[in-house]
Amino acid sequence: MTKDRSDIKSSEITPESVYLNRRNFIRADLLAGTAGASGLAYRYFNPKPLPPVEVKDISNVEMPKSFSTDEKPNTIDQIANYNNYYEFGTSKDAPAQQAQQLVTRPWTVEVGGMVQQPRTFDIDDLLKFDQEERIYRFRCVEAWSMVIPWVGFPLKKILDQVQPLGDAKYVSFETKYDPTIMLSSFRAGIDFPYVEGLRLDEALHPLTLLATGIYGKELPKQDGAPVRLVVPWKYGFKNIKSIVKITLTDKEPPTTWNIAAPDEYGFYSNVNPNVRHPRWSQAKERRIGELGLRDTLPFNGYGDQVGALYDGMDLKKYF
């Protein structure tokens with residue numbers, strides 16, 4: 001269900017501290033009933049304080065009209081400092097500390113491949129795209145769900161600048177990898193640099209964002225500063241962080257978790273309650289701060305907006 005952004009009250013947004021720290025309880029959910037789960041649950045309800053993060057306040061912007069949610073928000077004090085960012089640690093609390101080593105200025109994003117006008121964008125160039133469309137309140141889901149006010153702009157704005165060639169069918173993304181401050185692939189258990197991909201029509205959809213901030217502030221480093229992908233109808237691992245390269249291609253690009261476990265993580269990774277993960281059901285999700293389960297919505301509730309992208313596809317085969 002959607003409604004005009006201007007009708008959404010600030011009280012309906014998942015608080016910043018909840019967003020910054022949602023992901024560790026995913027592991028507690030998967031380990032439910034074990035002693036490990038008890039310890040994780042304790043940290044969930046008794047979080048450590050979040051390390052200070054220097055971010056610029058950009059809250060004094062007009063909120064544009066776009067898709068949004070009217071679901072009940074979480075409270076502001078429910079979670080502390082849990083993130084998934086394997087380059088800075090495989091535990092959920094490590095990135096909030098270790099990612100502060102990441103240097104986000106200067107920063108450039110190279111956009112090329114099958115395009116007419118390849119360009120390298122400076123991060124300050126990208127921030128200029130924010131002037132018209134800034135705040136988007138989307139639900140996001142993994143094993144948990146939440147509402148997040150992203151600051152950003154449609155990826156389409158950049159793709160229009162570089163003019164994709166007629167044979168281009170996919171868009172690939174690559175994260176910055178600096179082995180002097182980040183884990184090795186051996187220690188993290190996945191290949192680096194982290195890579196992701198979308199079909200071109202998915203990338204051009206107005207719900208697909210390049211986010212430069214959250215909660216009226218610039219992106220914290222552990223959350224993918226200075227620019228990351230947001231695709232709200234897909235599972236969270238598709239939302240690649242700290243992007244340095246975007247490439248248009250005519251072939252389906254490799255993606256990190258599909259490389260690591262192709263039977264568990266497909267290229268599309270659309271939120272689908274009818275497709276079971278080999279190790280758990282995806283029919284239910286848990287709202288951050290709640291003990292009960294909710295029904296998972298197809299396409300995370302954005303079926304009316306994006307369902308037509310997959311007309312005629314077998315979504316159990318192309319998961």
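**Rings, charges and a covered strand**

The charged end of Lys 238 sits over the ring of Phe 267, 4.6 Å from its centre. (For that label, NZ of Lys or CZ of Arg must be within 6 Å of the ring centre and within 35 degrees of the ring normal.)

Before you start: this is a predicted model, where local features need pLDDT of at least 70, side-chain atom pairs count only at pLDDT 80 or more, and totals for chains, interfaces and linings use all residues. Residues are numbered from 1 along each chain as its sequence is written, and side-chain values use heavy atoms, without hydrogens or water.

**Exercise 1.** Find out which lysine lies over the face of Trp 107.

*Solution.* Look beside Trp 107 and you'll meet Lys 176, at 5.7 Å from the ring centre.

**Exercise 2.** Follow the aromatic pairs that start at Phe 267 and Tyr 268.

*Solution.*
- Step 1: get the rule straight. Rings of Phe, Tyr and Trp (its six-membered ring) pair if their centres lie within 6.5 Å; planes under 30 degrees apart are stacked, over 60 edge-to-face, and the rest tilted.
- Step 2: count. That rule gives twelve aromatic pairs. Phe 267 and Tyr 268 make an edge-to-face one, with 5.2 Å from centre to centre and 90° between the planes.
- Step 3: check burial (buried is under 20% relative accessible area, exposed over 50%, partly exposed in between, with a 1.4 Å probe and protein chains only). Phe 267 comes out at 6%, so it's buried, and Tyr 268 is buried too, at 7%.
- Step 4: move on to Tyr 318. Its ring centre is 6.4 Å from that of Tyr 268 and the planes meet at 85°, so this pair is edge-to-face. Tyr 268 is in the loop between helix 9 (256-260) and strand 11 (284-287), while Tyr 318 is in the segment after helix 10 (303-306), so the pair ties together parts 50 residues apart in sequence. (Helices, H or I with at least four residues, and strands, E with at least two, are DSSP runs numbered from the N terminus.) Tyr 318 itself is partly exposed, at 38%.
- Step 5: zoom out. Ring pairs link Tyr 170, Phe 267, Tyr 268, Phe 299, Tyr 310 and Tyr 318 into a cluster.

**Exercise 3.** Explain why strand 6 (residues 195-199) is largely enclosed by the rest of the structure.

*Solution.*
- Step 1: count buried residues. Five of the five are buried, so the strand is largely enclosed.
- Step 2: check each face. Val 195, Gly 197 and Arg 199 are buried on one side, and Glu 196 and Leu 198 on the other.
- Step 3: look for a neighbour. Strand 5 (residues 170-175) runs antiparallel to strand 6, joined by five bridges; strands pair if DSSP finds at least two bridges between them. Tyr 170 has Arg 199 as its bridge partner.

**Exercise 4.** Compare the burial of the partners in some salt bridges (a side-chain nitrogen of Lys or Arg within 4 Å of a carboxyl oxygen of Asp or Glu).

*Solution.*
- Step 1: the whole structure holds nine salt bridges.
- Step 2: Arg 199 meets Asp 201 at 2.8 Å, N to O. Arg 199 is buried at 14%, whereas Asp 201 is partly exposed at 31%.
- Step 3: Glu 202 and Lys 234 also meet at 2.8 Å, N to O. Glu 202 lies in helix 8 (residues 200-203) and Lys 234 in the loop between strand 9 (228-230) and strand 10 (243-249), so the pair ties together parts 32 residues apart in sequence. Glu 202 is buried at 0%, and Lys 234 is buried at 1%.
- Step 4: Lys 251 and Asp 250 form another, with closest N and O atoms 3.5 Å apart. Here Lys 251 is exposed at 56% and Asp 250 partly exposed at 34%.
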